[in-house]
Amino acid sequence: ASSERAVAEAAEQAERELIQGSTSICDVVFAYQRPGDLQTVWIRSVAQIARDDQGKPLQLYGMLLDVTQAKKAEDALRSSNEVLEQALEMSRAGTWTIDLSQTPLCTVLTERTARLIGLASRAGEAIGPQEWHALIASASNESVAEEANRRFSDAVEGRVSHYVAIYPFKRPVDGEVMWIHDIAVVKRDSD
């Protein structure tokens with residue numbers, strides 16, 4: 001109830017700012033309890049004001065949209081992401097992506113993964129294949145890095161359904177050696 005009150009107050013404030021001229025458009029989403037069936041729905045209100053040459057408000061144009069289904073989907077997605085984040089945290093796991101349409105094939109680490117393997121400053125940044133190879137080799141040797149690379153190539157080229165590699169990895173931030181169990185599935189288009 002207090003969060004609904006806060007949303008309603010924010011909507012009223014946005015409307016006041018529109019009328020006062022401190023903003024040119026009002027676009028707010030708020031909860032509304034329908035009087036007939038007492039169901040709470042989510043409404044998006046978009047309004048714009050027409051003014052004369054002196055800036056005096058002349059007419060308010062607006063529309064209301066029922067965005068309840070979109071709000072429910074957004075809430076479900078947020079809840080699902082929270083569960084995923086908790087599972088990753090509890091298992092000390094992380095995720096990464098490689099855009100296979102780009103050359104060279106660069107690994108992009110999520111913030112969690114970058115922090116986990118001692119590359120926190122590199123989160124979201126592309127790490128090229130030679131650098132990734134060197135990071136693996138620094139904790140073991142060239143043959144281990146080559147084997148991880150071969151397994152990755154086999155998955156990308158469709159010789160195996162999944163990329164799976166287990167290798168030691170030296171965290172650049174503190175030199176600690178950890179073991180990584182790398183697993184990936186290549187997403188392919190319908191061709």
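User: Let's start with one side chain: is Asp 154 buried or exposed, and what is its relative accessible area?

Analyst: Keep in mind that this is a predicted model. Asp 154 sits in helix 5. Buried means under 20% relative accessible area. Asp 154 counts as buried, because its relative accessible area is 11%.

User: Okay, and which side chain does Asp 154 join in a polar contact?

Analyst: Leaving out residues up to four places away in sequence, Asp 154 touches Arg 159 and Val 160. The polar contact is between side chains, at 2.8 Å, and the partner of Asp 154 is Arg 159.

User: Moving to the rings, what kind of aromatic pair do Trp 96 and Tyr 163 form?

Analyst: A search of the whole structure turns up 3 aromatic pairs. In the pair of Trp 96 and Tyr 163, the centres are 6.4 Å apart and the planes make an angle of 75°. Planes over 60 degrees apart count as edge-to-face. With its 75°, this pair is edge-to-face.

User: How many residues apart are Trp 96 and Tyr 163?

Analyst: Trp 96 belongs to strand 4 and Tyr 163 to strand 7, so you are looking at distant parts of the chain. Trp 96 is partly exposed at 22% relative accessible area, whereas Tyr 163 is buried at 4%. Along the chain, the two are 67 residues apart.

User: Why is the pair of Phe 152 and Tyr 163 edge-to-face, and what is the angle of their planes?

Analyst: Phe 152 lies in helix 5 and Tyr 163 in strand 7, so this pair ties together parts that are 11 residues apart in sequence. Phe 152 is buried, with a relative accessible area of 17%. The ring centres are 5.7 Å apart, and the pair is edge-to-face because the planes are at 85°.

User: So which residues form one aromatic cluster?

Analyst: Tyr 163 pairs with Trp 96, and Phe 152 pairs with Tyr 163. Put together, the members of the one cluster are Trp 96, Phe 152 and Tyr 163.

User: Where is the bridge partner of Tyr 163, and which residue is it?

Analyst: Strand 7 (residues 162-170) pairs with strand 8 (residues 177-185) in the antiparallel sense, over 9 bridges. Their hairpin has 6 residues between the strands, and Gly 175 there takes a positive phi near 80°. Over in strand 8, the bridge partner of Tyr 163 is Ala 184.

User: What about Trp 96: which residue does Trp 96 stand opposite?

Analyst: Strands 4, 5 and 6 form an open antiparallel sheet in the order 4-5-6. Strand 4 (96-98) is one of its edge strands and pairs on one side only. There, 3 bridges join strand 4 to strand 5 (residues 107-109). In strand 5, the residue opposite Trp 96 is Leu 109.

User: How many residues has the largest nonpolar core?

Analyst: Among the residues with the most contacts inside this core are Leu 109, Leu 119, Trp 132 and Tyr 163. Helix 3, helix 4, helix 5, strand 7 and strand 8 each supply at least two residues. A second, separate core has 10 residues, including Phe 30 and Ile 43. The residue count of the largest one is 23.

User: Last one: what span does helix 2 reach from its first C-alpha to its last?

Analyst: Helix 2 (residues 68-91) has 24 residues, and 34 Å is expected at 1.5 Å a residue. Right after helix 2 comes Arg 92, with a positive phi near 50°. The span of helix 2 is close to the expected value, at 35 Å.

Technical notes: Residues are numbered from 1 along each chain as its sequence is written. This is a predicted model: local features need pLDDT of at least 70, side-chain atom pairs count only at pLDDT 80 or more; totals for chains, interfaces and linings use all residues. Side-chain values use heavy atoms; hydrogens and water are left out. Two strands pair if DSSP finds at least two bridges between them. Helices (H or I, at least four residues) and strands (E, at least two) are DSSP runs, numbered from the N terminus. The expected span of a helix is 1.5 Å times one less than its number of residues. A nonpolar core is a set of buried Ala, Val, Leu, Ile, Met, Phe, Trp, Tyr and Cys residues joined through side-chain atoms within 4.5 Å. Buried means under 20% relative accessible area, exposed over 50%, partly exposed in between (1.4 Å probe, protein chains only). A polar contact is a pair of N or O atoms within 3.5 Å; within protein, one must be able to donate a hydrogen and the other to accept it, and residues adjacent in sequence count only if both atoms are side-chain atoms. Contact means heavy atoms within 4.5 Å. Rings of Phe, Tyr and Trp (its six-membered ring) pair if their centres lie within 6.5 Å; planes under 30 degrees apart count as stacked, over 60 as edge-to-face and the rest as tilted.
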